[in-house]
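Me: I'd like to go through the terms used for this structure. Let's take them one by one.

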Amino acid sequence: MLSRTLRAAPLRSRLVSHAGASRAISASPIARGVQEITRPAIETPLSLWNFTEEENMLRETVKRFAEEVVGPRAHDMDEKEMMDPEVIQGLFDNGLMGIETPADLSGSECSFTSAIIAVEELARVDPSVAVLCDVHNTLVNTVLRLYGSKEIQEKWLPDLATSKVGSFCLTEPNAGSDAFALQTTAKLDKSGDFYVLNGSKCWISNSGEAETFLVFANVDPSKGYKGITCFALSKDMGVEIAKKEKKVSRARLDRVDASSGSDRLPRASCHSTTSRSPRRTSSERSARATRWVRRRHMSDGQIAIEILNEGRIGIAAQMIGLAQGAFDHAVGYAYQRKQFGKLVGDFQKMGHDFAEAAIKIEAARLLTYNAARLKEEGRPFTQQAAMAKYYASVIAQEVSGAAIEWTGGVGFTRDLPLEKFWRDSKIGGSPRWRNGAGLRSGADKSGAIYEGTNNIQLETIAKLIRKEYVQ
Ligand SMILES: Cc1cc2nc3c(=O)[nH]c(=O)nc-3n(C[C@H](O)[C@H](O)[C@H](O)COP(=O)(O)OP(=O)(O)OC[C@H]3O[C@@H](n4cnc5c(N)ncnc54)[C@H](O)[C@@H]3O)c2cc1C
């Protein structure tokens, strides 16, 4: 049942009223600025479990929304392989589709960590809903907010915050890990007023629900990746949703082809490389100078990669939420189920398994929160984001796999959500299989998939280590 209270009060207004403040929104801590959210000048370092009041309230809000609205629908959505419109509407109504979007563009204007918290809490109940929210916020909104011109932002961001789902279309059949190999082209027509896009994308999350598509295409293939540009398209601009893939996970990660055909696009829909007015939330302003200089040397293809660095922290959050959700279900069950006259959770081996899993979830969480705070503080975070995504995805699969075993036969059925958690974990990462000696960390050579496979995360980390040691 969709809670009326939740639907009635969008996130931002609820946060202000929860804070007990009758003051105007513009005077709220969220709106006041970077000092409230990031902590570049702290004298006494705080633990990574320290959150702002707003972030704590957001966690509670999302937790409640996930339990009351998403939870009761999760099984049905999984079986039907579709997203319940009430859930999507609830995400909008609660301000969770424009978490970092400025308030004057109808967003919630919260910190990046808030987005991470929201994804984590949603994943605890349903990782598929979490990834919809994650892609929409950390990829689609972020590209427009950081790199779109003022005109582009005003045109797209308010709808994305209030009513239209977005998708991020980079991958193509022949351009997966090697994203720069994309073959979709964008050519100016004779009038010079329109771009004509031709190409096909695949594995696009949210494409079934989306009305806004960020499509990466090459405006000048002779320049290689430097010719890659990003276009914002609405569905009626000729985006054709093709085949729906049958996946390991039956979740609503609708990976279908988004073919842009050869429709004429107004040139203005292009997200221009010469935009000069990036909109940042308060938490990002500290990073502005550095980013701006770097921006001048970046092609839009590089922007896609840069954005994926941030997006990886979102996937890490999805994976820790997923691991925690599986853990909660299985451990709860183990402390109810009796065998040999006692609770199965009370067998020492079971308790040790729980302890090991809890350590790993905590470690992954700290890597993730740390990467998020580094990003907010404007410090380099590529390596930490790759580490967080890699490790969180590895332990998510370990923990959700172990959770099935902790619950015995019932865990293997669809009566419990554990097999779904495990299926969803496969998309984020791929650990070495358990060999009977307890939970093991490490990754095998195949597997981990979106926002850079685990091999690609290792490649990124290795390159950065090399850079440090080789002059
Ligand atoms: C559920 C799901 C949702 C997705 N959502 C989106 C989305 O919203 N938008 C989008 O644009 N894309 C999306 N993708 C695509 C995703 O990002 C790609 O699948 C991913 O980048 C891997 O590309 P690929 O599938 O072509 O695998 P490939 O690149 O063909 O990789 C195959 C194997 O080769 C390995 N490999 C490749 N290159 C190297 C290397 N240099 N070193 C070592 N190993 C290597 C990989 O690790 C992998 O094990 C999604 C994919 C899935 C499955």
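**Helix packing and the ligand shell**

Reply: Start with two helices: α12 and α13 are roughly antiparallel to each other. Keep in mind that this is a predicted model.

Me: Why are α12 and α13 called roughly antiparallel?

Reply: Their packing angle is about 155°. Angles over 145 degrees count as roughly antiparallel. Therefore α12 and α13 earn the term. Their axes lie 9 Å apart.

Me: What is the hand of the crossing where α12 passes α13?

Reply: The crossing is left-handed. Residues in this contact include Ala-357, Ile-361 and Ala-364 of α12, and Ala-388, Ala-392 and Ile-395 of α13. By class, the contact of α12 with α13 has 16 nonpolar, three polar and three charged residues.

Me: How do you know how α7 runs relative to α12?

Reply: Use the angle again. Helix α7 (residues 112–125) packs against helix α12 (residues 348–376) at about 155°, with the axes 9 Å apart. The cut-off is over 145 degrees, so α7 is roughly antiparallel to α12. The crossing of α7 and α12 is right-handed. From α7, the contact uses Phe-112, Thr-113 and Ile-116. Among the α12 residues are Thr-368 and Ala-372. The contact of α7 with α12 has three nonpolar, two polar and three charged residues.

Me: What makes a residue part of the shell around the ligand?

Reply: Its C-beta atom, placed from the backbone, must lie within 6 Å of the molecule. Here 22 residues surround the ligand, with Thr-171 and Gly-176 among the closest. β1, β4 and α15 each supply at least two residues of the shell. The shell has 11 nonpolar, eight polar and three charged residues.

Notes: Residues are numbered from 1 along each chain as its sequence is written. This is a predicted model: local features need pLDDT of at least 70, side-chain atom pairs count only at pLDDT 80 or more; totals for chains, interfaces and linings use all residues. Helices (H or I, at least four residues) and strands (E, at least two) are DSSP runs, numbered from the N terminus. Ala, Val, Leu, Ile, Met, Phe, Trp, Tyr, Cys and Pro count as nonpolar, Asp, Glu, Lys and Arg as charged, and the others, Gly among them, as polar. Axes are lines fitted to C-alpha atoms, for helices over the stretch in contact, and angles run from 0 to 180 degrees between N-to-C directions. Angles under 35 degrees count as roughly parallel, over 145 as roughly antiparallel, 65 to 115 as roughly perpendicular and the rest as oblique. A crossing is left-handed if the near helix is turned anticlockwise from the far one by less than a right angle, and right-handed if clockwise. Two residues are in contact if their C-beta atoms, placed from the backbone, lie within 7 Å.
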